[in-house]
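Work through the exercises below with the sequence and the model at hand. Try each task before reading its solution.

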Amino acid sequence: MAKIILLGCPPLTEPVKYWLEQQSLTVMDNWIFPAQNVGDKLQQQLTSLEHKNNLFVFVYTPPLLAVQYLNTHALLLALAQWEDYVVSVLSVITPLNSICCDGRQWLQQPQQAADNLLAALNTYLPDFKQKQAFQAEKYIINLAETVPAAYLSLAQAQLDKTIEQWLQKTNTPLPILSISAGSQDLLAMHQDWQQQLKQEKQQQQRMQLWLDQLEFDIQALLASWRWKLGDRLIRLIEIVLRRPKVQLAADHLQQILGQIHRFKQPVTSASANIKPAKKLALDNTLRLAFAVTDNHPKTTAGDYFTASELGQALNQAYGWEISYLARADWYHFTGIDVLIVMLDDYELDKISQQKKPPLTIAWMRNWFTRWAEQASYTHYDIRLASSQKAADFLTDVYQLPVSVLRIATNAKCFQPAPENSKISIDYCFTGSRWDSPREIEQFNPAALNYQFALYGKGWDNTPQFKPYLKGFLPYTQLAEVYQNSKILLDDANHVTKPWASVNSRVFDALAAGVLVLSNGKAGAEEVFAGALPVWETPQQLADLLGFYLENPQQRQQKVQQLRQQVLAQHTYAHRAVTLKQIIQASISKSCADKLIFALKIAAPNQQVCQEWGDYHFACGVKKALEQQGHAARIDMLDQWYGEHCDDDNVTLVLRGLSQYLPRPDQINLLWNISHPDKISDEEYETYDLVFIASEFWAEKLKQRLDVPLEVLLQCTDPDIFYPESNPDIAEHELLFIGNSRLQNRPIVFNAIQADLPLTVYGNHWHKRIPEHYIAEQHIQNQQLRQYYSRCKVLLNDHWDAMRQAGFISNRLFDACACNARVISDAVAGVDLNVFFQGAVSVYDDTPAGLKQRYTAMQENPQQHGLTRDFIKKYHSFEQRAKHIVKTVKRLRNGNKIKT
């Protein structure tokens with residue numbers, strides 16, 4: 001049977017190994033690669049073999065990680081000693097990309113993954129399973145063309161090191177063969193790099209000389225008496241004619257000089273190169289854009305007219321340049337200082353980093369729950385809502401501030417009809433019917449002896465309204481309709497009514513001297529303190545119409561009362577002032593010290609991130625950093641590198657299974673929260689500072705590393721994890737929540753062997769444990785607290801490497817924040833029972849020991865520590881974010897970090 005040693009990322013799972021063995025292939029070892037001392041480890045493995053014939057070492061990796069693995073000179077040297085027996089394939093093989101880049105196939109399709117792996121081997125080593133022994137002629141390397149250009153210099157340095165050590169060891173050329181049709185021979189690339197580097201240095205020297213000469217010429221020109229005299233003459237003419245100042249050629253040349261000076265500034269260090277947020281000048285040079293459905297004056301989309309009225313008010317008050325981006329142009333713009341998004345389906349993350357405005361604002365006027373569900377919701381710099389009720393809801397969901405900016409009216413356009421004007425319409429309704437029914441459809445105007453008119457679209461299939469239809473009118477013509485009406489009916493729809501969001505027709509009609517009868521009770525209470533007449537049933541509407549139409553004096557008194565309130569508080573001139581104050585406050589609060597954090601996690605992509613604990617942990621970090629007034633973005637594995645990272649000040653890597661390559665122009669922090677066995681000392685040393693989620697492991701690392709180290713334990717979000725006993729959730733005697741990881745998790749099997757009343761929630765447990773133990777496959781992170789609160793005892797376990805290195809699982813922080821009682825395996829260097837004030841009991845890894853701890857908890861149900869206050873005070877994301885920001889500021893200021 002052929003034997004194989006596999007190294008790579010992601011590592012093989014047990015089911016994949018099983019299917020490989022069914023194909024007469026023995027997987028002797030499988031490591032996540034690169035590992036510490038990989039060459040030494042491989043040598044030990046090979047030395048221990050009695051028969052080295054028919055042995056293959058196969059190395060695979062996703063394309064983007066290829067550069068990381070070029071530092072494997074130790075591996076090549078180890079293989080060189082066994083070249084008579086071993087075939088090495090060091091490769092990024094195209095047929096494997098689909099499974100290497102998508103670790104889900106290891107889990108969900110193990111047989112297909114094994115077949116793909118064998119197919120790749122057969123492609124490059126035909127009939128390898130039938131060969132008994134042969135000599136290794138080539139080490140096959142395929143450097144993917146997807147390697148970012150920024151890391152070519154790193155790849156070159158590592159390749160130089162590999163070739164140098166290979167020659168020292170073997171005194172023979174390094175045998176390399178490129179097997180990718182699209183890639184060049186690696187040695188040829190190596191030679192090209194040297195030539196390319198030389199050419200680039202020459203180009204930089206020529207550019208430096210050109211800039212120096214240009215700078216000298218511009219300074220000489222500006223210093224000449226002709227230019228000075230010409231500038232003064234033009235300024236004198238502007239003063240005499242009272243014209244505003246215009247930019248002169250000299251001003252433009254001064255700007256070019258400034259750009260040259262900035263271009264020539266050397267990059268000294270990450271801390272010196274940190275980029276503060278752009279400071280906006282709220283003067284007449286500011287350019288503001290609204291993202292709207294459509295920007296045509298005859299559009300039926302109300303968001304455009306709301307935006308245009310506010311835009312006009314901003315332009316008139318402050319001289320800001322206003323533009324409107326229709327849906328087709330949402331992401332195609334340049335030179336915008338402030339972007340106000342009017343619709344919930346706008347994807348803020350689609351804006352390239354080069355085009356992204358310094359300030360982004362979400363103005364939410366409806367569909368508030370949909371806004372809250374948007375992935376980019378927390379990425380806005382300012383969030384506005386059209387009612388206090390909606391603002392309170394959104395603030396509660398994310399613990400991020402939401403300011404109130406209501407819809408309003410343009411009092412210059414909507415004015416009362418001239419005195420003694422003849423009014424031909426008793427009451428009217430202006431609004432369209434789209435997909436959802438409206439409450440006004442329950443009303444039959446034929447039952448009343450008054451003149452009625454309906455303006456809008458979509459009413460053709462509503463029989464009782466057909467005699468009164470007047471067609472659709474553009475927004476600009478509504479003022480004339482209101483002047484010709486005594487009463488306006490307001491029918492707030494289902495996406496605004498429960499949220500107390502008052503629409504524009506209410507403010508516009510009242511400004512025009514027309515009484516409004518509304519079905520929006522919550523909005524009437526919040527905005528008009530109950531003064532606005534409200535109807536809830538067709539009969540109430542009919543009664544109100546009859547009363548106010550038959551009593552014109554009372555109608556006029558009510559209109560005047562409400563109109564005065566609108567003119568005093570609810571015009572777009574008021575909203576322009578409010579918006580500028582909100583922007584100014586935001587800039588003043590955060591501009592000077594605001595940092596942009598990029599949080600790098602190992603979750604492969606957006607599609608599967610919800611299944612990764614690292615993602616939920618990153619969400620907690622992001623939220624806490626934003627509450628500190630900073631910007632934060634979560635990057636999945638496929639988003640780690642790219643132009644969108646150019647403006648990041650700080651990169652915080654939540655180290656999981658994958659290694660990140662730090663950029664030298666940013667502050668780089670590593671927070672080692674799991675899998676300490678996967679991180680080499682060399683990787684630690686590439687960061688400016690390392691946080692370790694274990695005191696025990698941090699002390700060991702300090703003895704051998706130079707990089708500054710700080711202990712930063714895992715934590716929880718007390719706003720998500722708190723005691724909540726939901727009676728709809730079943731109460732469990734003994735509960736375990738977690739995926740199987742396609743392996744036998746000891747604490748689960750110990751509970752089963754001890755015959756304890758266990759219930760398991762999580763993925764991939766079927767066929768691994770008896771079905772009656774399995775409740776559901778997945779619980780949303782937002783619901784976990786209800787299950788923790790409803791169980792009598794919760795089980796927790798750790799990865800072996802984390803236990804041995806003293807890393808405390810974040811599940812313990814989450815559960816204890818819910819005042820749950822937990823049984824856990826032990827962690828090196830810490831007494832969990834003492835640390836969590838008696839809420840966590842530790843067992844001895846045996847079924848009998850687990851049963852003993854469970855029985856003791858059952859016999860003493862009240863004897864456990866109520867640790868929520870302790871967790872909230874010392875181990876929340878808020879506390880961790882404060883420490884991280886404080887550390888970054890010390891690094892930025894060049895202060896020494898104590899280790």
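**Exercise 1: helix α17**

The buried residues of α17 are Leu 541, Ala 542, Leu 544, Leu 545, Gly 546, Tyr 548 and Leu 549. Buried means under 20% relative accessible area, exposed over 50%, and partly exposed in between, with a 1.4 Å probe and protein chains only. Helices (H or I, at least four residues) and strands (E, at least two) are DSSP runs, numbered from the N terminus. This is a predicted model, in which local features need pLDDT of at least 70 and side-chain atom pairs count only at pLDDT 80 or more, while totals for chains, interfaces and linings use all residues. Residues are numbered from 1 along each chain as its sequence is written, and side-chain values use heavy atoms, with hydrogens and water left out.

Task: state which elements cover the buried residues of α17, then check the span of the helix.

Solution.
- Step 1. The cover includes β13, β15 (485-490), β16 (515-518) and α18 (552-569). For contacts, the cut-off is heavy atoms within 4.5 Å.
- Step 2. The expected span of a helix is 1.5 Å times one less than its number of residues.
- Step 3. Helix α17 (residues 538-550) has 13 residues, so 18 Å is expected.
- Step 4. The end C-alpha atoms of α17 are 18 Å apart, which agrees.

**Exercise 2: helix α13**

Task: find where the buried residues of α13 lie around the helix axis.

Solution.
- Step 1. In α13 (residues 388-398), the buried residues include Ala 390, Ala 391 and Leu 394.
- Step 2. Viewed down the axis of α13, its buried residues fall within an arc of 100°, so they line one face of the helix. The arc is that of the directions from the helix axis to the C-beta atoms.
- Step 3. Among the elements covering these buried residues are β10 (359-364), α12 (368-373), β11 (382-385) and β12 (403-404).
- Step 4. Gln 399, just after α13, takes a positive phi of about 55°.

**Exercise 3: strands β14 and β21**

Task: for β14 and β21, say which way the side chains point, and find the pairing partners.

Solution.
- Step 1. In a regular strand the side chains alternate between the two faces of the sheet.
- Step 2. In β14 (residues 452-455), Phe 452 and Leu 454 point one way, Ala 453 and Tyr 455 point the other way, and all are buried.
- Step 3. β14 pairs with β13 (residues 425-430) in the parallel sense over 4 bridges. Two strands pair if DSSP finds at least two bridges between them. Tyr 455 in β14 is the bridge partner of Thr 430.
- Step 4. In β21 (residues 689-692), Leu 689 and Phe 691 point one way, Val 690 and Ile 692 the other, and all are buried.
- Step 5. β20 (residues 667-672) is joined to β21 by 4 bridges, and the two run parallel. Asn 672 has Ile 692 of β21 as its bridge partner.
- Step 6. β21 is also joined to β22 (residues 709-711) by 3 bridges, again parallel. Phe 691 has Glu 710 of β22 as its bridge partner.

**Exercise 4: positive phi**

Task: for His 675 and Asp 755, decide whether each is buried or exposed.

Solution.
- Step 1. Most residues other than glycine have a negative phi.
- Step 2. His 675 is not a glycine, yet has a positive phi of about 50°. His 675 sits in the loop between β20 and α21 (681-684). Its relative accessibility is 12%, so His 675 counts as buried.
- Step 3. Asp 755 is not a glycine either, and has a positive phi of about 60°. Asp 755 is in the loop between α23 (746-753) and β24 (758-761). Its relative accessibility is 62%, so Asp 755 counts as exposed.

**Exercise 5: Ile 596**

Task: describe the surroundings of Ile 596.

Solution.
- Step 1. Ile 596 belongs to strand β17 (residues 596-600), and with a relative accessible area of 23% Ile 596 is partly exposed.
- Step 2. Leaving aside neighbours within four places in sequence, Ile 596 is in contact with Ala 631, Asp 647, Asp 648, Asn 649 and Val 650.
- Step 3. Ile 596 and Ala 631 are 35 residues apart along the chain, and their C-alpha atoms are separated by 4.7 Å.
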